[in-house]
Amino acid sequence: DDQRAAEIIRRLRRMLSKAPPEVVDTDLNDTVREAIGFLMPLTNRSRIALKYAPAATRLPIKGDIVQLQQVVLNLIMNAMDALAIAEVTKREIAVTTRRSGADAELIVSDTGTGLRTGDLKHIFEPFYTTKPHGMGMGLAIVRTIVEAHHGQISAENLPSGGALFTVRLPIA
């Protein structure tokens, strides 16, 4: 864990110093699993069920592992924030990976109240926030990372309540 944390700090420093990303071959399942490992103690303390359903097969992608983990962490943390203020009985975050044609998909959903319709149009814009004390940078950074990996991200509300974010990355 210490070595992993040191590697994350090193790569984040590279990212912040405008150094080129460290693009490597990786499996999206493993990248997501590792990021979830960082958050499990926090979700357990918050009494939120964090469920991960990895794809049955490898999802080979090319990318900077730390940046991709930052995407996963941000989406899950946002879901946790949504559940912290939602008055719901079921407090759950579901993370799924799967193959869809030529893409690997990462899907993060929660059982909160979802996003206001007007927010869906602007949710990925810099400085746009739905949180009282938010800066509006998290999802803008997520979109930048996803697009730098030649992918796409979308957000929608679930009919049963809660938000759903889908990240699509090209299979290597």
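Does Val23 count as buried or exposed? At 53% relative accessibility, Val23 counts as exposed. Keep that residue in mind as you go through the close-ups below, all of them taken from a predicted model.

**Figure 1. The whole chain, before zooming in.** Here is the protein chain with its 5 helices and 7 strands. Follow the sequence from start to end and the elements come in the pattern α-β-α-β-β-α-β-β-α-α-β-β. The chain has 172 residues, and 41% of them count as buried. Look at contacts with a separation of 6 or more, and 67% come from residues 24 or more positions apart. As for the outside, the accessible surface comes to about 9,700 Å², with 54% of that belonging to carbon and sulfur atoms.

**Figure 2. A close-up of Val23, out in a loop.** Val23 sits in the loop between helix H1 (2-16) and strand E1 (24-27). Its relative accessibility is 53%, and since exposed means over 50%, Val23 falls in the exposed class. Even so, Val23 has company from elsewhere in the sequence: leaving out residues up to four places away, it touches Lys62, Gly63 and Asp64. Take Lys62, which is 39 residues from Val23 in sequence but 6.1 Å away in space, going C-alpha to C-alpha.

**Figure 3. A close-up of Val32, tucked inside.** Another valine, another setting: Val32 belongs to helix H2 (residues 28-45). Val32 has a relative accessible area of 0%, so it is buried. Who are its neighbours? Setting aside residues up to four places away in sequence, Val32 touches Tyr52, Val72, Val95, Thr97 and Leu106. Val32 and Thr97 are separated by 65 residues along the sequence, yet their C-alpha atoms are 8.3 Å apart.

**Figure 4. Strand E7 and its two partners.** This view follows E7 (163-170) and the strands that pair with it. On one pairing, E5 (residues 103-110) runs antiparallel to E7, joined by 7 bridges. You can pick out Ser109, whose bridge partner in E7 is Leu164. On the other pairing, E6 (residues 152-157) is also antiparallel to E7, over 6 bridges. Here Ile153 has Val167 of E7 as its bridge partner. E6 and E7 form a hairpin with 5 residues between the strands, and Gly161 in that hairpin takes a positive phi near 105 degrees. Why is E7 described as largely enclosed by the rest of the structure? Because 6 of its 8 residues are buried.

**Figure 5. Helix H5 and what it leans on.** H5 covers residues 138-148, and its buried residues are Leu139, Ala140, Val142, Ile145 and Val146. Those buried residues pack against H3, E6 and E7. Just past the helix, have a look at His150: it follows H5 and has a positive phi, near 60 degrees.

**Figure 6. The largest cavity.** Rolling a probe the size of a water molecule over the atoms shows where empty space is left. In this model, the count comes to 2 cavities of 30 Å³ or more. The largest cavity has a volume of about 40 Å³. Its lining is made up of Leu28, Leu68, Val71, Val72, Leu106, Val167 and Leu169. Helix H3 (65-85) and strand E7 (163-170) are the elements that each give two or more residues to this lining. The largest share, 3 residues, comes from H3. Sort the lining by class and you get 7 nonpolar residues, with no polar and no charged ones. Two of the lining residues also turn up in earlier views: Val72 is touched by Val32, and Val167 is the bridge partner of Ile153.

**Figure 7. The largest pocket.** What volume does the largest pocket have? It comes to about 670 Å³. The pocket is lined by 29 residues, and those nearest its centre are Asn78, Leu115, Ile123, Thr130 and Lys131. The elements giving two or more residues to the pocket lining are H3, H5 and E7. H3 gives the most, with 7 residues. By class, the pocket lining has 14 nonpolar, 10 polar and 5 charged residues.

How values were computed: Residues are numbered from 1 along each chain as its sequence is written. This is a predicted model: local features need pLDDT of at least 70, side-chain atom pairs count only at pLDDT 80 or more; totals for chains, interfaces and linings use all residues. Side-chain values use heavy atoms; hydrogens and water are left out. On a 1 Å grid over the protein atoms alone, a cavity is a set of points where a 1.4 Å probe fits but cannot get out, and a pocket is an open set with protein on both sides within 12 Å along at least five of seven lines; lining residues have an atom within 4 Å of a point. Grid points are joined across faces, edges and corners, and a volume is the space filled by probe spheres set on the points. Helices (H or I, at least four residues) and strands (E, at least two) are DSSP runs, numbered from the N terminus. Ala, Val, Leu, Ile, Met, Phe, Trp, Tyr, Cys and Pro count as nonpolar, Asp, Glu, Lys and Arg as charged, and the others, Gly among them, as polar. Buried means under 20% relative accessible area, exposed over 50%, partly exposed in between (1.4 Å probe, protein chains only). Contact means heavy atoms within 4.5 Å. Accessible areas come from the Shrake-Rupley method with a 1.4 Å probe; for residues, only the protein chains shown count as cover. Two strands pair if DSSP finds at least two bridges between them.
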